[in-house]
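Subject: Structure handover

Hello,

Here is the structure we talked about. My notes follow below it.

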Amino acid sequence: MSQTMTAVGVPISLDDKISKNDVQQTVIDIDDTFSAAFDRSVNDLTLEERLDILSGANFTHTNGVPRLGVPSLKVVDTITGVKGSEHFQTPTLCFPSATCMGATWNVELLSQIGTKLALQTKSKSAQVLLGPVLNLHRDPRGGRNFESFSEDPLLAGELAASLVNAIQAGGVPTCPKHFVGNESETKRRFHNVAENLDGRTMREIYLAAWQVLLRKSKPAAIMTAYNKVDGLFCSENTKLVKDLLRGEWAYDGLVMSDWYGTRSGIPAIEAGLDLEMPGPTIHRSSQILEKIKTGELDVSVLNQRAAKVLDLVKQAKESHSESDETSLVDEEANLLARRVATEGIVLLQNRKSVLPLRRGQRLAIIGSQATNPSISGGGSAAAPPQYTQRPLDCIGEMSTSPANIQAANGVKIHSVIPVIPVDQIFARDGSNGINVRYFNNGSDQPVIDEIQPAPATVMFGRLRNELKHENFYYEISTIVIPKTSGLHTIGARTTGTCAVKVNGKEVAQKTMVGIEVEDFLFRPKNLEVLAKVQMTAGVPYFVDLIVQPHKPSFATGEPIIHSAMVCYMEEYSDEEAIAEAVNIAKEAEVTLIFAGRTPEHESEGFDAQDMSLPASQIKMIKAVATASRRSVLILSCGNPIDVQDVVEDVDAVLNAHFLGQEGGSALAQILYGEACPSGKLAVSWPKTLEDSPSYPYYPATENSRGAWEMICGEGLGLGYRHAWTPRSLQWPFGFGLSYTNFEISSLQVQRSNTSGLPEDGEIIIEATVSNTGEVDGWEVVQIYVEDVTCSVSRPHRELKGFTKINVAAGKSERVNITLRDKYAFSFWDESTKMWKSEAGEFKIHVGECIESVVLDQDLFWSGL
């Protein structure tokens, strides 16, 4: 068994690669003499080896047992793009975001995605795929909502189960996440979701999605959430993991922590947490063995945890590989990614039938998303695509008169100042790049003096050998040559205290306090040190950064990050950008306005402050729409956006999500009618943030004791379960227009029970779906149940079944959906801590059709 050292990929996007400066991390390298063994039992391992495999070896690998040939496992993110060991090194197939997948409402399509994801995972020589995310859309500010399918637990659970089944059928174990209550990124590592695990809110909403998943699939592993629930961290919450997940639900797979989400040694092991990730371990040291020797921890508990890890190794046998990572190009999968995007795009408004476009129309295309599309939100879900498609190019390719298309970038949409382009920086030797000098305190002679070709330097998890821990500093020097004259923004993003000098004069300084690794990974705005400097085009300016080491406020066990990036943006005028866009729009028959958000706005690690578009975007949209004959607003986002200021100004609105690497083609096909829109919202769109039922309770707040706490004050009224009014709801859950028309008729509801036992009762629902238009299309049949006579308060209607069907123009198709009584009619009874279906009348809603059924007796049940 040999070991090699490799650089850690930095999970951020830069215009150029960051030189990783000897930043190293141990990676398991299985040599030719190693023979993998997948059938070892706990008894084959020493106590030390049993403990060792309960934690990671590094950021992406678990520990193996070299003595016995038990291989390590490589675990990687995620369902929208399978990454390798270095997060942004090996390009990969990038599917649309999970919100787009959710808007397809297509279980079979998700299965096809899963089949391709298994192949992509194997191409990265990985054994476990981390995902899908099963948290729900609770609030339109949720930073990771783009990674989640829906606000509804049934829809989310069904789609997740379909993915899991297909991925695992391909020989790759999955690890759905984050169990449970991680619907907010604000203080996610500390906040407590103050809800009882046996309360209706947790059982009927947040846990219900996991219940559907585990009823329909058997994921090999489950990842716990960072947050607390009912006062205990999920990774050590005995009631959550041991009693509910493993006990009541009889889950027999592995349970792992989120990265650095293990908060204790023995409590987490006893609660049922099998695997601490990543490594090296923080909480599973040799002290655990001492506790076994003293009797404070029973060895059987250690054995149970180790057995789960060995079981996962066995399940991963088919995906075991010693090959290098590759970027698997799969043309069939590319077409599938395009289909997912076309089925997920939601047509929200189409006045005057402005869509579909005619092939030869004169078009104005406005907005930077048309030339630099956001294919994903930010954070661990972001992956390096094999390619990207510019919507501008794809639209032009489908036009019969591409010369009739004009474009303008419109206003800038950055929320942080970007890293400076490499072609504008010069090192002392005249090459493009920066000079970096590292000094130990007390010496004016650098211990390292080098040139980096990118405008950044990063040390993640390990210092350069020549440096003394926390007793060093470094200087970055470069020459910046502006392209225009004006009051430009110059500065840096740094994890340590920093001073910025221009031509020897200090122009900015910031003392960094309380900076966390997550600020570097996900919250770059917290790292900005900026100044406005008057600069002249073509004139060289000498820029120096003096950066102190990162000093964490408290120990978390995470790698220490030392980073500095040169940031720069030349002055520009919103008014001039808008005027250019307006002039182009005046000449067009239809204007396509690209707006919305980027990974800078929606990302892991932080929640948004509001659901509005930036003021400059709103101003641009209104001006361009006013100047246009017809206008189409295309929104890139993972969350609902407040469109009150512009929705009456534009003719059509498309919810385009984050569309992955085939998004340009998908959008062009929808716009020109090559594909008929069939996406349906998987989340309710409130008109304003204040209209959201979660608004008063989100995110977590600090209480008088200094603890961060979040309550789910809206209770069961999440999303469409809330009592919306036309004044508060922009577009409802399940809504989406088409280029054709559908009618649902001839609803029939029958009861069935082959065993005669109350828990086996079923309702069989049949209906006719007719396409009364002139275009073939897909329709989603949604089944809602209303409890008419319930003794407790329940939402007016709840989604209990759905299917998606293709119907040719002028044709009709019959659909058939069977629901189990116990799942369709039950609520969680807090007094008995069981599910209860009460005798009485229930209404079945399918489209505008309604039928009633009656249960003759109460039914109590538990488990999945």
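The sulfur of Cys-175 has its closest cysteine sulfur in Cys-234, 14 Å away, which is too far for a bond. A disulfide would need the two sulfur atoms within 2.5 Å. Cys-567 fails in the same test: the closest cysteine sulfur, in Cys-498, is 9.9 Å from its own, again too far for a bond. The structure holds 0 disulfides. Both of these cysteines are buried: Cys-175 has 0% relative accessibility, and Cys-567 has 0% as well. Please keep in mind that this is a predicted model.

On the chain as a whole: the protein chain has 16 helices and 41 strands. Its radius of gyration is 28 Å, which agrees with the value near 29 Å for a compact globule of 864 residues. The C-alpha trace spans about 85 × 80 × 55 Å along its principal axes. Of the 864 residues, 62% count as buried. Among contacts with a separation of 6 or more, 77% are between residues 24 or more positions apart. The exposed area is about 31600 Å², with 47% of it supplied by carbon and sulfur atoms.

One local site is Ser-148, in the loop between β4 (128–133) and α4 (153–169). Ser-148 is buried, at 3% relative accessible area. A polar atom of the Ser-148 side chain lies 3.1 Å from the backbone oxygen of Asn-135. Leaving aside residues up to four places away in sequence, Ser-148 touches Ala-98, Thr-99, Val-133, Asn-135 and His-137.

Regards

Technical notes. Residues are numbered from 1 along each chain as its sequence is written. This is a predicted model: local features need pLDDT of at least 70, side-chain atom pairs count only at pLDDT 80 or more; totals for chains, interfaces and linings use all residues. Side-chain values use heavy atoms; hydrogens and water are left out. Buried means under 20% relative accessible area, exposed over 50%, partly exposed in between (1.4 Å probe, protein chains only). Helices (H or I, at least four residues) and strands (E, at least two) are DSSP runs, numbered from the N terminus. A polar contact is a pair of N or O atoms within 3.5 Å; within protein, one must be able to donate a hydrogen and the other to accept it, and residues adjacent in sequence count only if both atoms are side-chain atoms. Contact means heavy atoms within 4.5 Å. The radius of gyration is taken over C-alpha atoms; the globule rule is 2.2 Å times the number of residues to the power 0.38. Accessible areas come from the Shrake-Rupley method with a 1.4 Å probe; for residues, only the protein chains shown count as cover.
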